[in-house]
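Okay, thanks for making time, everyone. I'd like to walk through the empty spaces in this one, and then a couple of contacts. Let me put it up on the screen.

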Amino acid sequence: MTWGNWTTVREFILVSFSTLSYELQALLFLLFLIIYLITLMGNVLIILVTTADSALQSPMYFFLRNLSFLEIGFNLVIVPKMLGTLILQDKTISFLGCATQMYFFFFFGAAECCLLATMAYDRYVAICDPLRYPVIMSRKSCAQLAAASWFAGFPVATVQTTWIFSFPFCGPNRVNHFFCDSPPVIALVCADTSLFELEALTATVLFILLPFLLILGSYVRILSTIFRMPSAEGKHKAFSTCSSHLVVVSLFYTTAILMYFRPRSNTSPEHKKMVSLSYTVVTPMLNPIIYSLRNNEVKAALRRVIDRTLSPRKL
């Protein structure tokens, strides 16, 4: 039998939340649709406000715009298909469609890990080396760091997705998830995947754990510098500039580590779906809310943009 004859699967079936009743799936559809619309509007609003307001042209808001673009892309890859499986009961996804969804999931996920580390570095320089901040975080440097974060998603997405879909799929095609994530898809492969799983673990360490350690190291230095500041006002101002990022990082990495660093035998498929929902659906919605509510500069800029939009133009 040739390798080509082994690959008989032409489409996959996303199990999604099919164990629930149709009525409950309809309620989930409404809930996730509302969250999806809030996510899109919130991130688009962050992009528009930080672009239009002259007071928000610092590196921190440049990286925040990039994060909002990533969150929009991440959401578009996962949520529309999931909504379709809930309300239309269309749970099939083509072989190519599954590969494409997985590719962009890896791409946006790896890019976001790197961008969050870049944002932590920006806060580290701003607080720990403020005199050199304009030189270190110049417009050119910011563009290069953002481009490097986006580019980091390409190698991991290309290697992981190409490798997975070069395996033979010769039997079951039910993916026990609401999107084409690698663990439930690789479980359908009828070949030895031990070498791939070793590579996947290495990629997970490089693109999740390593950026997390860099962020952790940055915040250890940041907190050390803040605690040495003489005035309470200086401490409050310094901490307020990085508190939003710290909350976002905590949400993202807590769920990512729970998902990809727990032993398989200790985690049920239903629990994995719940954890996946937190970082694919909930966290992208919370990010613009956190940056809006916890950041006085963004709130002030939002008020200025609203005032300029609603106030009558002077003749």
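So here's one to start with: which helix provides the largest share of the lining of the largest cavity? Keep in mind as you look that this is a predicted model. The answer is helix 10, with 5 residues.

Let me fill in that cavity a bit. Its volume comes to about 90 Å³. Going around the wall, you meet Met60, Phe63, Met119, Asp122, Arg123, Ser240, Thr241, Cys242, Ser244, His245, Tyr291 and Asn295. Helix 3, helix 4 and helix 10 are the elements that each put two or more residues into that lining. In terms of chemistry, the wall is a mix: 5 nonpolar, 5 polar and 2 charged residues.

How many cavities of 30 Å³ or more are there in the count? There are 2. The second largest has a volume of about 30 Å³. Leu45, Ile46, Val49, Ser292, Val298 and Leu302 line that one. Here the elements giving two or more residues are helix 2 and helix 12, and helix 2 has the largest share with 3 residues. This lining splits into 5 nonpolar residues, 1 polar and no charged.

Okay, on to a pocket. The second largest pocket holds about 500 Å³ of space. Which residues sit nearest its centre? Those are Arg123, Lys237, Ser240, Thr241 and Glu297, out of 19 lining residues. You'll recognise some names here: Arg123, Ser240 and Thr241 are also among the residues lining the largest cavity.

Four helices each bring at least two residues to the pocket lining, namely helix 3 (59-87), helix 4 (95-128), helix 10 (232-260) and helix 12 (296-310). Helix 10 gives the most again, this time with 6 residues. By class, the pocket lining has 8 nonpolar, 7 polar and 4 charged residues.

Next, charges. Side chains of opposite charge can pair when their charged atoms come close. The structure has 3 salt bridges, and I'll show you one of them. Aspartate 53 pairs with arginine 304, with 2.9 Å between the closest N and O atoms. Where do the two partners sit in the chain? Aspartate 53 is in the loop between helix 2 (22-52) and helix 3, while arginine 304 belongs to helix 12. They are 251 residues apart, so the pair links distant parts of the chain.

Last stop, please rotate to helix 6 and helix 7. Helix 6 covers residues 139-151 and helix 7 covers residues 153-164. Their axes lie 5 Å apart, and the packing angle is about 5 degrees. That angle is why helix 6 counts as roughly parallel to helix 7. On the helix 6 side, the contact is made by Ser149, Trp150 and Phe151, and on the helix 7 side by Gly153, Phe154 and Pro155. Sorted by class, the residues of this contact are 4 nonpolar, 2 polar and no charged.

That's my tour. If you want one thing to look at again, go back to helix 10, which gives the largest share of the lining of the largest cavity and the most to the second largest pocket.

Terms used. Residues are numbered from 1 along each chain as its sequence is written. This is a predicted model: local features need pLDDT of at least 70, side-chain atom pairs count only at pLDDT 80 or more; totals for chains, interfaces and linings use all residues. Side-chain values use heavy atoms; hydrogens and water are left out. On a 1 Å grid over the protein atoms alone, a cavity is a set of points where a 1.4 Å probe fits but cannot get out, and a pocket is an open set with protein on both sides within 12 Å along at least five of seven lines; lining residues have an atom within 4 Å of a point. Grid points are joined across faces, edges and corners, and a volume is the space filled by probe spheres set on the points. Ala, Val, Leu, Ile, Met, Phe, Trp, Tyr, Cys and Pro count as nonpolar, Asp, Glu, Lys and Arg as charged, and the others, Gly among them, as polar. Axes are lines fitted to C-alpha atoms, for helices over the stretch in contact, and angles run from 0 to 180 degrees between N-to-C directions. Angles under 35 degrees count as roughly parallel, over 145 as roughly antiparallel, 65 to 115 as roughly perpendicular and the rest as oblique. Contact means heavy atoms within 4.5 Å. A salt bridge is a side-chain nitrogen of Lys or Arg within 4 Å of a carboxyl oxygen of Asp or Glu.
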